[in-house]
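Grab a coffee and work through these short exercises with the model open beside you. Try each task yourself before reading its solution.

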Amino acid sequence: MMELLDEARKLSIFTAYNANVDAIVYLKGETVQRLIDEFGTDAVRKRMEEFPRQIEEPIDFVARLVHALKTGKPMAVPLVNEELQSWFDTHFKYDVERIGGQAGIIANLLANLDFRKVIVYIPHLAKRQAEMFVSKKNLFYPVVENGKLVLKHPREAYRENDPVKVNRIFEFRAGTTFRLGDETITVPYSGRFIVSARFESIRIYTEEKLKPFLPEIGLQVDGAILSGYQGIRLRYSDGKDANYYLREAKKDILLLKREKDVKVHLEFASIQSRELRKKVIYNLFPLVDSVGMDESEIAYVLSALGYSKLADRIFTYNRIEDTVLGGKILIDEMNLEVLQIHTIYYLMYITHADNPLSEDELRRSLELATTLAAARASLGDVRSPEDFKVGLSVPYNERGEYVKLRFEEAKRRLRTREYKVVIIPTRLVKNPVSTVGLGDTISTGAFTSYLALLREKGVL
């Protein structure tokens with residue numbers, strides 16, 4: 001496994017567009033109880049039934065938080081009312097503040113793993129944010145000076161007046177208990193509830209003066225990991241809308257690939273608005289080579305594509321068979337080279353049968369991904385290539401054999417001859433130091449090791 005990581009570390013990667021400050025709270029039962037008591041059981045239950053899609057007032061937050069704790073599923077809900085920031089700051093003491101956002105987490109991870117070159121781009125780079133990037137010589141931020149592309153460390157490239165995005169992350173542990181009226185709730189699984197800031201001041205784009213240099217960046221890297229599109233709003237007060245920003249995002253991908261066919265991975269994240277979800281899928285998926293998502297996100301994507309019955313089955317029963325069927329639909333309709341799905345108990349790749357990598361090689365890539373994530377969960381962060389070895393001592397989850405059995409059944413029932421479908425059980429840390437960024441870590445480990453294996457075969 002270390003040999004594959006060493007090969008991956010020879011790569012150069014570009015990552016964009018979202019980084020933020022993650023303000024983390026380690027939730028205790030009494031904290032949740034205090035919130036329920038403050039608003040009253042009836043009000044919380046009523047709002048839970050309404051299931052608000054975004055947070056506009058504090059009761060929206062409490063209702064969605066209790067729902068997440070009850071199911072034990074990780075969730076992210078956008079905070080659209082900027083004035084509520086002070087409510088959160090007075091109600092919670094943050095246990096940790098660190099870099100967040102997919103591009104931010106991925107950039108620091110790759111830099112700490114000593115990849116050859118890591119170029120990170122976010123459109124807003126305030127000093128507070130820049131200082132959260134690790135102090136590594138292989139980490140760069142692109143700027144334009146005197147009409148030329150210059151790569152600097154993010155700490156040397158910040159801009160004084162740029163806005164900062166703060167996401168509040170509520171980490172919860174299995175076994176935490178609290179009461180909702182006469183009902184005692186015990187959290188079934190560890191996870192996190194993310195209140196993600198969605199304010200007008202934070203936008204997803206490439207600055208106009210940098211845009212012409214994207215082909216030059218493309219020439220300098222072997223792959224690109226793009227994310228943050230869930231931060232786009234349908235409409236803005238200045239007249240711009242999601243269509244404008246997605247047209248620009250399409251141009252960016254085409255510019256990155258103009259001089260060389262750079263492999264592009266899109267890390268998909270939960271988008272509450274069905275309309276925006278559909279726009280992101282139809283505009284961007286056909287332009288990228290690889291997409292990563294979790295099992296609930298594939299259900300959301302299938303629902304947006306019109307496969308509502310299959311999406312409902314995945315939401316309700318979470319059967320491997322349905323996920324495989326959904327994955328086949330997705331790579332065919334969006335013409336993807338590879339789809340990577342990560343869940344708490346298994347990781348899966350779905351490709352077409354003509355993919356250059358064998359099923360064993362695809363499996364090796366997923367093994368590296370789950371080992372890297374296990375190291376992060378065990379340590380809270382990965383600070384050096386040596387930390388990877390910690391993941392090797394983490395056992396596979398107790399449902400591993402069950403997963404393999406269900407997968408073999410699914411393959412027998414579905415036509416998979418035109419595809420390569422591989423699945424592995426995850427290495428599961430019983431008491432993770434943190435669960436933030438585990439999905440991003442899996443996707444980064446999978447995509448970069450996939451590229452390393454393609455390079456070994458001479459097809460990259």
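**Exercise 1. Find which residues have the most contacts inside the largest nonpolar core, then list the partners of one of them.**

Solution. Keep in mind that this is a predicted model. Start with the core itself: the largest one is nonpolar and holds 156 residues. Inside this core, Phe61 and Tyr229 have the most contacts. Now pick Phe61 and skip its neighbours within four places in sequence. That leaves contacts with Leu35, Ile55, Trp87, Phe88, Phe92, Phe170, Phe193 and Val195. As a rule, nonpolar side chains in soluble globular proteins tend to be buried together.

**Exercise 2. Decide whether the radius of gyration of the chain agrees with that of a compact globule, and describe the chain as a whole.**

Solution. First, the rule: for 460 residues, a compact globule would come out near 23 Å. The chain has 21 Å, so the two agree. Next, the extents: along its principal axes, the C-alpha trace spans about 65 × 60 × 45 Å. Then burial: 61% of the 460 residues are buried. As for the surface, the chain exposes about 18,700 Å², with 48% of that coming from carbon and sulfur atoms. Finally, look at the wiring. Take contacts between residues at least 6 apart in sequence, and 76% of them join residues at least 24 apart. The secondary structure adds up to 17 helices and 17 strands.

**Exercise 3. Work out whether Asp60 is buried or exposed, and say what its side chain does.**

Solution. Locate Asp60 first: it belongs to helix α4, residues 58-71. Its relative accessibility is 6%, so Asp60 counts as buried; the cut-off for that is under 20%. A polar atom of the Asp60 side chain lies 3.0 Å from the backbone nitrogen of Glu56. Leaving out residues up to four places away in sequence, Asp60 touches Arg47, Pro52, Gln54 and Ile55.

**Exercise 4. Do the same for Asp289: where is it, is it buried or exposed, and which side chain does it pair with?**

Solution. Asp289 sits in the loop between α10 and β14 (290-294). With a relative accessible area of 12%, Asp289 is buried. Its side chain makes a polar contact of 2.9 Å with the side chain of Lys257. Beyond four places in sequence, the residues that Asp289 touches are Lys257, Val262, Lys263, Val264, Leu336, Glu337 and Val338.

**Exercise 5. Examine helix α9: check its span, its cap, and what covers its buried residues.**

Solution. Span first. Helix α9 runs over residues 242-256, 15 in number, and reaches 21 Å from its first C-alpha to its last. That is close to the 21 Å expected at 1.5 Å a residue. Now the cap: Asp241 does the job at the N-terminal end, with a side-chain oxygen 3.2 Å from the backbone nitrogen of Asn243.

Next, burial. The buried residues in α9 are Ala242, Tyr245, Leu246, Glu248, Ala249, Asp252, Ile253, Leu255 and Leu256. When you look for a pattern, remember that an α-helix has 3.6 residues a turn, so residues three or four places apart point the same way. The cover over the buried residues of α9 includes β1 (12-16), α8 (214-220), β12 (223-226) and α10 (274-284).

Follow that last neighbour. In α10, the buried residues are Leu276, Arg277, Lys279, Val280, Ile281, Asn283 and Leu284. Their cover includes α9, β13 (263-267) and α11 (295-304).

**Exercise 6. Track down some backbone oddities: where is the cis peptide bond after Ala16, and which loops hold Asn146 and Asn335?**

Solution. The cis bond goes from Ala16 to Tyr17, with omega near 20 degrees. Tyr17 has its place in the loop between β1 and β2 (20-26).

Now the asparagines. Asn146 isn't a glycine, yet its phi is positive, about 50 degrees. Asn146 is found in the loop between β6 (139-145) and β7 (148-152), and at 82% relative accessible area it is exposed. Asn335 isn't a glycine either, and its phi is positive at about 55 degrees. Asn335 lies in the loop between α13 (320-333) and β15 (338-342), and its relative accessible area of 59% makes it exposed.

Definitions and conventions. Residues are numbered from 1 along each chain as its sequence is written. This is a predicted model: local features need pLDDT of at least 70, side-chain atom pairs count only at pLDDT 80 or more; totals for chains, interfaces and linings use all residues. Side-chain values use heavy atoms; hydrogens and water are left out. Helices (H or I, at least four residues) and strands (E, at least two) are DSSP runs, numbered from the N terminus. The expected span of a helix is 1.5 Å times one less than its number of residues. Buried means under 20% relative accessible area, exposed over 50%, partly exposed in between (1.4 Å probe, protein chains only). Contact means heavy atoms within 4.5 Å. A polar contact is a pair of N or O atoms within 3.5 Å; within protein, one must be able to donate a hydrogen and the other to accept it, and residues adjacent in sequence count only if both atoms are side-chain atoms. The radius of gyration is taken over C-alpha atoms; the globule rule is 2.2 Å times the number of residues to the power 0.38. Accessible areas come from the Shrake-Rupley method with a 1.4 Å probe; for residues, only the protein chains shown count as cover. A nonpolar core is a set of buried Ala, Val, Leu, Ile, Met, Phe, Trp, Tyr and Cys residues joined through side-chain atoms within 4.5 Å.
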